[in-house]
Amino acid sequence: MSTLKVNSIEPANAGSEDYFVGKAWAKFNAASASFYASGNMSSATDHGVGQFTYNFSNALADADFSVTQAATGPVSTHHVHGYIGARGSEGGTYSSTAVQLSYYRDENSANIADPNKACIQVMR
Amino acid sequence: MNQYRVIFEDPDQPEAPAMVLAPSDEWMEMAMAGGLPPIWVYWQLQQDEEQAIAEGRHETFEHDPEKLALQYTAPRIGPLTEEEAIEYLIMKDIPRRVWGKEHNRPMFKIVTKDQVPTDRQFRNAWRLAA
């Protein structure tokens with residue numbers, strides 16, 4: 001299999017939208033604190049129930065990236081949602097090398113929870 | 001799947017429960033295949049960003065392009081054993097204040113995955129045993 005290496009991708013036609021690529025991703029089992037799979041992720045730090053920091057293998061150019069995430073609990077009555085930051089605050093790590101996400105049950109944001117599947121995508 | 005975890009406590013957060021560092025299988029595979037740059041490549045990037053945060057200019061901070069490129073262009077350090085890879089990961093992803101200075105008690109421990117409790121009911125009460 002051949003490998004394509006480029007430093008930038010531009011549209012062939014002037015006026016077309018730019019291309020953006022994913023910089024990191026992970027599918028993570030927060031309940032067991034283990035990865036299903038990942039890309040440009042070296043590790044995850046389990047801070048406690050519902051709080052995880054995802055550490056990038058290689059740093060991004062800066063912290064101006066977009067992170068999207070999705071999560072689910074073990075059963076239909078246990079939906080889990082994630083948000084960027086540490087528990088109970090808008091702080092937490094958001095740097096060129098890592099991002100912290102917290103998870104809670106949908107019936108009450110005070111009920112922190114560990115999702116069975118936590119998916120994260122980083123774009124820049 | 002890799003078999004090691006690192007349990008550590010942060011001296012800056014004495015009331016926080018013990019934390020667990022879980023490596024990704026893809027990163028471990030790359031480390032054991034010899035795909036890593038010298039650790040100082042990551043250290044200098046971290047240092048630059050920490051300095052920017054301390055000086056209140058993180059919002060406009062951008063890494064030096066040459067330092068950033070070293071992640072990919074610096075000569076590789078060669079294949080690591082799984083144990084060496086975990087030690088490398090500690091120095092890369094765990095704050096230096098945990099492993100880089102003497103404390104009056106152990107602040108981190110490398111364990112096997114089996115040694116980490118699977119029952120998370122009391123997860124927020126976990127502490128690193130002396």
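**Reading sheets and a helix**

Tutor: Let's begin with a pair of strands: β1(A) and strand β2 (residues 34-39) of chain A run antiparallel and are joined over five bridges. Please keep in mind that this is a predicted model.

Student: Thanks! Which residue in β2(A) is the bridge partner of A26(A)?

Tutor: That partner is S38(A). For W25(A), the partner in β2(A) is G39(A). As a general idea, side chains in a regular strand alternate between the two faces of the sheet.

Student: How many residues lie between the strands in the hairpin of β1(A) and β2(A)?

Tutor: Four residues lie between them, and A33(A) takes a positive phi near 50 degrees in this hairpin.

Student: Which strand besides β2(A) pairs with β1(A), and over how many bridges?

Tutor: Strand β8 (residues 117-123) of chain A does, with six bridges to β1 (residues 22-29) of chain A, and these two strands run antiparallel. Within that pairing, G22(A) has M123(A) as its bridge partner in β8(A).

Student: Now the sheet as a whole. In what order do the four strands of this open sheet come?

Tutor: In chain A the order reads β2-β1-β8-β5, with antiparallel pairing. At the edges are β2 and β5 (66-72) of chain A, each pairing on one side only. Ignoring direction, neighbouring strands of this sheet are turned by 10 degrees against each other on average.

Student: And which strands make up the open sheet of seven?

Tutor: Read across, they are β6(A)-β7(A)-β4(A)-β3(A)-β2(B)-β1(B)-β3(B), again with antiparallel pairing. The edge strands here are β6 (80-84) of chain A and β3 (108-112) of chain B, each of which pairs on one side only. From one strand to the next, the twist averages 25 degrees.

Student: Where do chains A and B meet in that order, and how many bridges are there?

Tutor: Look at strand β3 (residues 41-48) of chain A and strand β2 (residues 19-23) of chain B, which pair in the antiparallel sense over four bridges. One contact to look for is T45(A), whose bridge partner in β2(B) is L21(B).

Student: Let's turn to a helix. What span should helix α4 of chain B have?

Tutor: Its 12 residues (82-93) should span 16 Å at 1.5 Å a residue, and the end C-alpha atoms of α4 are 16 Å apart, which agrees.

Student: Which residues of α4(B) are buried?

Tutor: The general idea is that an α-helix has 3.6 residues a turn, so residues three or four places apart point the same way. In α4(B), the buried residues are E82(B), A85(B), I86(B), Y88(B), L89(B), I90(B), K92(B) and D93(B).

Notes
Residues numbered from 1 in each chain as written. Chains lettered and ligands numbered in written order. Predicted model: local features only at pLDDT ≥ 70, side-chain atom pairs only at ≥ 80, totals over all residues. Heavy atoms only, no water. Pairing = 2+ DSSP bridges. Axes fitted to C-alpha atoms, helices over the stretch in contact; angles between N-to-C directions. Expected span 1.5 Å × (residues − 1). Buried < 20%, exposed > 50% of the residue type's maximum accessible area, 1.4 Å probe, protein only.
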